[in-house]
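Hi,

Here is the structure I promised to pass on. Have a look at it first, and then read my notes below.

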Amino acid sequence: MHEWALAEAVIKAATEIADKEKLKEVAFVEIKIGELQQVERVILSFALKQLRPVRFKKTKFRITRAKTQLKCRACGNTWLFQKQKLDHTIKEAIHFVPEVAHTYIKCPRCGSPDFEITQGRGIWLEQVIGTR
Amino acid sequence: MADPRTSIISQRLASITRIIAVSSGKGGVGKSLVATTLALILFKEGCKVGLFDLDFTSPSTHTILGAKNAQPTEDKGLIPPNINGLDYMSLIYYTNDQPAPLRGTDTSNALIELLAVTRWGQLDYLILDMPPGIGDAVLDLIRFAKCVEFIIVTTPSQLAFETVKKLSSLLKDLEVPIVGVVENMKMDQGDTIRQKTEELGLNFLGGISYDPNVEHAIGNPEALLNTAIAQRTQEIAKMLQTQ
């Protein structure tokens, strides 16, 4: 469960933000997950609930998925990542380290592996809301 | 708002007594061989050791170790497989030994990802095989691994030593500890690099003579430990352990 490690990171980061904002209780945490990393939303959600400290007891975790947009640096083409086109081993490799996409994915227009992940790479903490 | 991965890295590295980045200003000075041999020797001396290949675009420690078919175990993160006594992590598990053409931002992201999800557990030493130069990996490491110490590898070449000056100057400015300098591929008994190292106020950890036979030990850690290079590295390991 690689998602468990990411959930630990989310709780730690959200706790740091809550400390900085002097929040006594955290009501809402929004997390974005980029399609490229293919994080399992159900497993992430389960891990977040298992790991939550007292201050997060009543927290609602919202996990939203973001489409992955890639932009070729060589020809300027932009396209959306489609995991369906990859075999299982490659999908799993990208799940663990999204940057290895550069090993397996090429620009559909010019064939270059030199592209930018302009949005939807991995996990991102969007907002932490609570009461002081 | 925030990248959550960066918050967990210090916790992932918390049970490691010493993190040693084997680095150089220039490529081709034998860093990977020194890093791998040092890790193997420390393990042989009874330490619990991890080896992490951070040279993502040109990894080679897996070839030196002869690591084949190993994969990290997934258990609340990634547990590195044990190869020849070393908990060994590398991007090659995920690139299937194919090229990884990564730009700076990608290198940074891959490093942060692996630091955030790898569960090293208790280690006496984590040896890092660094890419050459003072780029993203060095800067990220200094940012995220607060207790990192550097060993700088050079050759007798004046060109290589010029880059030692730049790397050591950066590390000094950032108050990052430098264990010392290793002179690799020594062709004679000259003392110039020792003198120049000491002039910089750095420890000279030792010289390793050029050994053409080491090629036969690539992929065979037992054979590697029987080379003259390993004998000299053993002395460097002793110096490291006493510092």
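**The sheet in chain A**

Strand β1 of chain A, residues 25–34, pairs with β2(A) in the parallel sense, over seven bridges. One spot to click on along that pairing is I31(A), which stands opposite I63(A) in β2(A). Before you go further, bear in mind that this is a predicted model.

Those two strands belong to an open sheet of three strands in chain A, in the order β2-β1-β6, with mixed pairing. The edges are β2 (60–66) and β6 (123–131) of chain A, each of which pairs on one side only. On average, neighbouring strands in this sheet are turned by 15° against each other, direction ignored. As general background, strands of a sheet pair through backbone hydrogen bonds, either parallel or antiparallel.

**Helices on the sheet**

Two helices of chain A lie across strands of that sheet. Helix α1(A), residues 2–20, lies across β1 and β6 of chain A and runs at about 40° to β6(A). Helix α2(A), residues 41–51, lies across β1 and β2 of chain A, and its angle to β2(A) is about 155°.

**A helix pair in chain B**

Now over to chain B. How do α1(B) and α5(B) cross, left-handed or right-handed? Their crossing is left-handed. The helices in question are α1(B), residues 5–12, and α5(B), residues 104–117; their axes come within 7 Å and cross at roughly 50°. An angle like that is neither under 35 degrees nor in the range 65 to 115, and α1(B) and α5(B) are therefore oblique to each other.

If you want to pick out the contact, select these residues:

- from α1(B): R5(B), T6(B), I8(B), I9(B) and R12(B)
- from α5(B): I112(B), E113(B), L115(B) and A116(B)

Sorted by class, the contact of α1(B) with α5(B) has five nonpolar, one polar and three charged residues.

**Where the chains meet**

The contact between the chains takes 27 residues from chain B and 25 residues from chain A. On the side of chain B that touches chain A, the elements giving two or more residues are α1, α4 (92–95) and α5 of chain B. Which of the elements gives the largest share of that side? That would be α5(B), with seven residues. So α5(B) turns up twice in these notes: it packs against α1(B), and it also gives residues to the side that touches chain A. By class, the residues on the side of chain B that touches chain A divide into 15 nonpolar, six polar and six charged.

Cheers

Technical notes: Residues are numbered from 1 along each chain as its sequence is written. Chains are lettered from A and ligands numbered from 1 in the order in which they are written. This is a predicted model: local features need pLDDT of at least 70, side-chain atom pairs count only at pLDDT 80 or more; totals for chains, interfaces and linings use all residues. Two strands pair if DSSP finds at least two bridges between them. Helices (H or I, at least four residues) and strands (E, at least two) are DSSP runs, numbered from the N terminus. Axes are lines fitted to C-alpha atoms, for helices over the stretch in contact, and angles run from 0 to 180 degrees between N-to-C directions. Two residues are in contact if their C-beta atoms, placed from the backbone, lie within 7 Å. Angles under 35 degrees count as roughly parallel, over 145 as roughly antiparallel, 65 to 115 as roughly perpendicular and the rest as oblique. A crossing is left-handed if the near helix is turned anticlockwise from the far one by less than a right angle, and right-handed if clockwise. Ala, Val, Leu, Ile, Met, Phe, Trp, Tyr, Cys and Pro count as nonpolar, Asp, Glu, Lys and Arg as charged, and the others, Gly among them, as polar.
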